[in-house]
2 protein chains.
Amino acid sequence: MSRLSLNQWTTRRWSVAEAVEGCVRHGVGAIGLWRQDVAAQGLDETVKLVADAGLRVSSLCRGGFLTSGDREALDDNRRAIDEAATLGAACLVMVVGGLPGVTPGEPSPAVDRDLAGARERVAGALAELVPYAAERGVRLALEPLHPMYCADRAVLSTLGQALDLAEPYPAERVGVVVDTFHVWWDPQVLAQIARAGDRIASYQVCDHLHPLPADVLLGRGVMGDGVIDFAPLTRAVAEAGYTGDIEVEIFNADVWAADPDEVLARVKARFAELIER
Amino acid sequence: MSRLSLNQWTTRRWSVAEAVEGCVRHGVGAIGLWRQDVAAQGLDETVKLVADAGLRVSSLCRGGFLTSGDREALDDNRRAIDEAATLGAACLVMVVGGLPGVTPGEPSPAVDRDLAGARERVAGALAELVPYAAERGVRLALEPLHPMYCADRAVLSTLGQALDLAEPYPAERVGVVVDTFHVWWDPQVLAQIARAGDRIASYQVCDHLHPLPADVLLGRGVMGDGVIDFAPLTRAVAEAGYTGDIEVEIFNADVWAADPDEVLARVKARFAELIER
């Protein structure tokens with residue numbers, strides 16, 4: 001299990017302290033943390049808990065939401081960068097945001113439909129944030145999200161688009177996240193993973209359920225429970241040179257309702273069968 | 001309204017005869033037909049109804065579902081081609097099918113996860129069907145579907161992929177469908193529309209609703225009710241040289257429950273405001 005990382009929201013009922021204990025108990029070597037949970041635990045206490053447990057922090061979730069172009073979003077991203085630096089996170093995951101005026105899960109009558117403009121503002125915000133992150137030794141990791149989230153969560157929709165956005169910057173400063181749920185359908189995905197090479201800052205695995213639940217955000221499943229063929233994706237990521245942690249991040253009402261220890265045991269078994277093999 | 005075409009499923013309660021009458025009543029010059037509704041009306045009677053009304057048949061929906069590689073699917077596509085020829089349809093829309101073993105809307109435990117294999121079988125089936133269609137003067141129109149339908153309806157997910165698939169064949173034999181709902185999110189869409197040029201066999205417009213309904217198939221809305229900026233897409237399609245009918249195809253429970261005459265009046269108004277202008 002040396003490369004398995006538990007993204008904290010897979011066992012969402014656990015606090016940071018409980019998730020750290022769970023990783024130790026199950027022999028998981030790394031953890032992906034979420035900002036609000038770190039804040040609830042306390043940033044300094046989280047640093048201590050993680051260090052005492054000997055865990056790596058494979059990612060901090062998340063910066064982003066940069067499409068409106070307002071200054072508050074930039075300030076919040078600077079705070080996220082500071083936190084990632086303090087935690088020694090391998091990267092800060094960037095979910096860039098959807099169309100301005102769109103609220104996830106809710107009717108949004110005042111939507112700004114200028115998709116190209118939203119994408120340009122993300123590029124502009126990145127130009128401001130990269131130097132700040134670089135000074136603090138934090139790597140930003142651009143995460144393309146499945147196109148069904150384009151309106152409300154991320155106008156960054158493909159790995160190719162993420163690589164285009166990252167291209168002006170050194171790979172050690174701006175990387176990309178390859179999340180199987182988001183990219184499995186993309187006819188260009190294997191070529192783009194090869195192109196990504198050392199830009200891959202995080203490899204995240206979870207399955208794409210069929211049919212999708214009513215809230216499509218929760219359509220993620222434990223590997224093997226959905227439609228994704230993990231072998232070609234995992235092989236391509238390895239051939240691109242990625243040797244870092246592999247994070248399991250599952251948003252799923254049934255998984256969240258289950259006993260977190262049972263979830264982690266099942267994740268470990270499926271990881272051994274479908275990812276490590 | 002010279003270029004507006006009513007896709008029959010927008011006013012799904014109407015039979016073919018009623019939809020034809022509706023088109024005449026509202027001054028709509030073309031209709032997109034569905035095979036099962038044509039069968040219910042009778043193929044020869046449909047030909048007569050459409051001819052008497054002076055309507056163009058902008059498309060026949062649909063062929064496809066070719067990913068399993070079985071012979072029955074090919075036979076059914078040959079029948080669809082025959083029907084398209086009899087109807088004088090401008091194209092036969094091809095929805096290529098999802099992963100074998102996946103049933104739309106239902107748990108599908110026996111899924112064949114080999115996405116690359118499914119895509120190869122589509123290419124193979126096309127090689128068999130194109131000569132048959134060519135002999136009958138029928139143009140096949142490959143329709144990329146939104147990636148959220150990759151598992152259950154179409155492993156053809158982007159316009160670029162559709163153009164790659166069409167490339168071995170003359171443009172007048174194998175074209176592509178540009179449907180705003182399916183392609184609006186694609187960072188490459190404008191470049192791929194330009195690349196498509198005279199491969200564009202059908203331009204279909206409808207909006208992408210936010211939030212999506214529980215059944216994501218029904219997330220289509222009347223233009224202006226969702227998140228799509230139609231102007232850049234419509235301009236790109238025009239600049240690519242497409243001068244054919246523009247079909248409005250809406251799958252939406254509320255639209256289907258409404259009075260079809262009111263739906264058609266609203267579609268016309270929005271078409272004038274957001275597409276023709």
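Two strands count as paired if DSSP finds at least two bridges between them. With that idea in hand, let's walk through some close-up views of this predicted model.

**View 1. The barrel of chain A is closed by 8 strands.** Follow the strands around and you meet them in the order β1-β2-β3-β4-β5-β6-β7-β10, with parallel pairing. From one strand to the next, the twist averages 30°. Where is a good place to see strands β1 and β10 of chain A pair? Look at β1 (residues 4–7) and β10 (residues 246–248), which run in the parallel sense and share 3 bridges. A:Leu6 has A:Val248 in β10(A) as its bridge partner. As a general reminder, strands of a sheet pair through backbone hydrogen bonds, in either a parallel or an antiparallel way.

**View 2. Helices α4 and α5 of chain A pack on the sheet.** Helix α4(A) touches β2 (30–34), β3, β4 (92–95) and β5 (140–142) of chain A. The direction of α4(A) makes about 175° with that of β3(A). Helix α5 (residues 115–135) of chain A touches β4, β5 and β6 (174–179). For α5 of chain A, the angle to the direction of β5(A) is about 145°.

**View 3. A salt bridge links A:Glu83 and A:Arg35.** The two side chains meet at 2.9 Å, N to O. Why does this pair tie together parts that are 48 residues apart in sequence? The reason is that A:Glu83 sits in helix α4 (residues 71–87) of chain A, while A:Arg35 belongs to helix α2 (residues 35–41) of that chain. In general, side chains of opposite charge can pair when their charged atoms come close. Over all chains, the structure holds 38 salt bridges.

**View 4. Chain B has a barrel made of 8 strands.** Its strands close in the order β1-β2-β3-β4-β5-β6-β7-β10, and the pairing is parallel. Neighbouring strands here are turned by 30° against each other on average, direction ignored. Zoom in on strand β7 (residues 200–205) and strand β10 (residues 246–248) of chain B, which pair in the parallel sense over 3 bridges. Within this region, B:Gln204 stands opposite B:Glu247 of β10(B).

**View 5. Helices α5 and α6 of chain B lie across strands of chain B.** Helix α5 (residues 115–135) of chain B crosses β4 (92–95), β5 (140–142) and β6 (174–179), at about 145° to β5(B). Helix α6 (residues 159–166) of chain B lies across β5 and β6, running at about 170° to β6(B).

**View 6. Chain B and chain A meet at an interface.** How much area do the two chains bury between them? The figure is about 2600 Å², with 67% of it on carbon and sulfur atoms. In chain B, the residues that lose the most area to chain A are B:Arg113, B:Trp185 and B:His210, which together account for 24% of what that side buries. The contact takes 35 residues from chain B and 36 from chain A. On the chain B side, the touching residues divide into 18 nonpolar, 11 polar and 6 charged. Across this interface the rule finds 0 salt bridges, while 10 residue pairs are in polar contact.

**View 7. Some backbone angles are worth a pause.** Most residues other than glycine have a negative phi, and most peptide bonds are trans. A cis peptide bond joins A:His210 and A:Pro211, with omega at about -5°. A:Pro211 lies in the loop between β8 (207–208) and β9 (220–221) of chain A. In chain B, a cis peptide bond joins B:His210 and B:Pro211, where omega is about -5°. B:Pro211 lies in the loop between β8 (207–208) and β9 (220–221) of chain B. Finally, A:Phe65 has a positive phi, near 55°, and A:Phe65 lies in the loop between β3 (56–64) and α4 of chain A.

Conventions. Residues numbered from 1 in each chain as written. Chains lettered and ligands numbered in written order. Predicted model: local features only at pLDDT ≥ 70, side-chain atom pairs only at ≥ 80, totals over all residues. Heavy atoms only, no water. Helix = DSSP H or I, 4+ residues; strand = E, 2+ residues; numbered from the N terminus. Axes fitted to C-alpha atoms, helices over the stretch in contact; angles between N-to-C directions. Contact = heavy atoms within 4.5 Å. Buried area = accessible area lost by both parts, 1.4 Å probe. Salt bridge = Lys/Arg side-chain N within 4 Å of Asp/Glu carboxyl O. Polar contact = N/O pair within 3.5 Å; in protein donor to acceptor, adjacent residues only side chain to side chain. Nonpolar A, V, L, I, M, F, W, Y, C, P; charged D, E, K, R; others polar.
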